[in-house]
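Hello,

I am passing on the structure we discussed, together with notes on what turned up in it. Please look at the model before reading on.

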Amino acid sequence: MFPRCCLVLNRVAGVAGSWDPTLSAVTFQCVRWRKQRTDPRAKSKMNYRRIPTPIDPWEHDFLLKKNRHYACITRAMKKMFIEEISKNTLETAEGGSTEERAQKEREEYLQMLKWNDQENARTRLIREERLTEERRLKEENRLEKMIRMEEEKKQSLEELAERVIQEKEASKSYITLDNVDEAIERVMDNTKDFNFMISKTGDILLPEGTPWESLTARKDPDPAAEEDRPQELTQQL
């Protein structure tokens, strides 16, 4: 601002160009070419109130994030360049040339590329072996599954055939419309009594000709218990 003030004072009062404002009592003078500082406010701006610029929250957050990211990247690049320059300066002071360093870095880069190719080839062989083994195991599992399914299908067919034979054998004793009269006569001729009695002592009293073979196979009751049986049960027996 001081050069501008000097220019204005030179124009107005004819002060020499070597005038130093710090040596004078007047060190600052505001210049307004259109109106004075004491002039009233314009009528067109008397009731003017500035409306704040609307801010999009998403845009604000996005720009804030991007600006921080940009500042972080810029700061990191500056730091890297400063370290690189200081490193080059130190190496130059120690006697190493820039071309030698570039050649050395180029050789290291080529060595890293060679090592990378070797690692890629090694991992490719390992990957191919693994994929081959996985395909072999998958094929074996598929064949085993097919064989197991064939065996299960064959076993189910055999079971069905056996059941068909059993049903054919059992169908010989089925009662149909053709032999229903014979079945009724056979049942009427061979009547069976499924009733039986149990004494107070827990003995089972079976009638004659009972179809309960499992009960008839039991041992005879105790003779002492026979004496305690009621007379009615003994008469029915």
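**Findings**

Asp-203 sits in the loop between β1 and β2, the latter covering residues 204–205. The model is a predicted one, and what follows should be read with that in mind. Asp-203 has a relative accessible area of 17%, and it counts as buried because that value falls under the 20% cut-off. Its side chain is in polar contact with the side chain of Thr-201, at 3.0 Å.

Another loop is the one between α4 (180–189) and β1 (197–198), where Thr-191 is found. Thr-191 has a relative accessible area of 63%, so it is classed as exposed. Thr-191 and Thr-210 are 19 residues apart along the chain, and their C-alpha atoms are 9.9 Å apart.

**Helix α3**

Helix α3 spans residues 98–171. Ser-156 belongs to this helix and is partly exposed, at 30% relative accessible area. A polar atom of the Ser-156 side chain lies 2.6 Å from the backbone oxygen of Lys-153.

**Salt bridges**

How many salt bridges does a search of the whole structure find? The search returns six. As general background, side chains of opposite charge can pair when their charged atoms come close.

One of the six salt bridges links Glu-133 and Arg-136, with 2.2 Å between the closest N and O atoms. Both residues are in helix α3, three residues apart, which is about one turn of the helix. Glu-133 is partly exposed at 36% relative accessible area, and Arg-136 is also partly exposed, at 39%.

A second pair with this spacing is Glu-139 and Arg-142: both lie in α3, three residues apart, about one turn of the helix. Their side chains form a salt bridge with an N to O distance of 2.3 Å. Glu-139 has a relative accessibility of 35% and counts as partly exposed. Arg-142 is likewise partly exposed, at 42%.

Glu-169 and Lys-172 also form a salt bridge, with their closest N and O atoms 3.4 Å apart. Are these two partners buried or exposed? Glu-169 is partly exposed at 49% relative accessibility, while Lys-172 is exposed at 64%. There is also a network: salt bridges with shared partners join Glu-133, Arg-136 and Glu-140.

**Charged patches**

Which residues gather in the patch of negative charge on the surface? They are Glu-83, Glu-84, Glu-105, Glu-107 and Glu-108. Helices α2 (57–94) and α3 each contribute at least two residues to this patch. The largest contribution comes from α3, which supplies three residues. Glu-107 is located in helix α3 and has a relative accessible area of 41%, so it is partly exposed. That value also meets the patch criterion, because patch residues need over 30% relative accessible area.

Arg-34, Arg-41, Lys-45 and Arg-49 form a positive surface patch. Arg-34 is placed in the loop between α1 (2–13) and α2. With a relative accessible area of 75%, Arg-34 is exposed, because the cut-off for that class is over 50%.

**Nonpolar patch**

What makes up the nonpolar surface patch of about 480 Å²? Ile-73, Met-77, Met-80, Phe-81 and Ile-85 do. Ile-85 lies in helix α2, a helix that also supplies at least two residues of the negative patch. Ile-85 has a relative accessible area of 55%, so it counts as exposed.

**Where to look in the viewer**

For the surface, the residues to select are Arg-34, Arg-41, Lys-45 and Arg-49 for the positive patch, and Glu-83, Glu-84, Glu-105, Glu-107 and Glu-108 for the negative one. For the salt bridges in α3, select the pair Glu-133 and Arg-136 and the pair Glu-139 and Arg-142. For the loop between β1 and β2, select Asp-203 together with its contact partner Thr-201.

Regards

How values were computed:
Residues numbered from 1 in each chain as written. Predicted model: local features only at pLDDT ≥ 70, side-chain atom pairs only at ≥ 80, totals over all residues. Heavy atoms only, no water. Helix = DSSP H or I, 4+ residues; strand = E, 2+ residues; numbered from the N terminus. Buried < 20%, exposed > 50% of the residue type's maximum accessible area, 1.4 Å probe, protein only. Polar contact = N/O pair within 3.5 Å; in protein donor to acceptor, adjacent residues only side chain to side chain. Patch = residues over 30% accessible without salt bridge, like charges linked within 9 Å, V, L, I, M, F, W, Y side chains within 5 Å. Areas by Shrake-Rupley, 256 points an atom, 1.4 Å probe, with all protein chains shown as cover. Salt bridge = Lys/Arg side-chain N within 4 Å of Asp/Glu carboxyl O. Lys, Arg positive; Asp, Glu negative; His and termini not counted. Charge placed at Lys NZ, Arg CZ, Asp CG, Glu CD.
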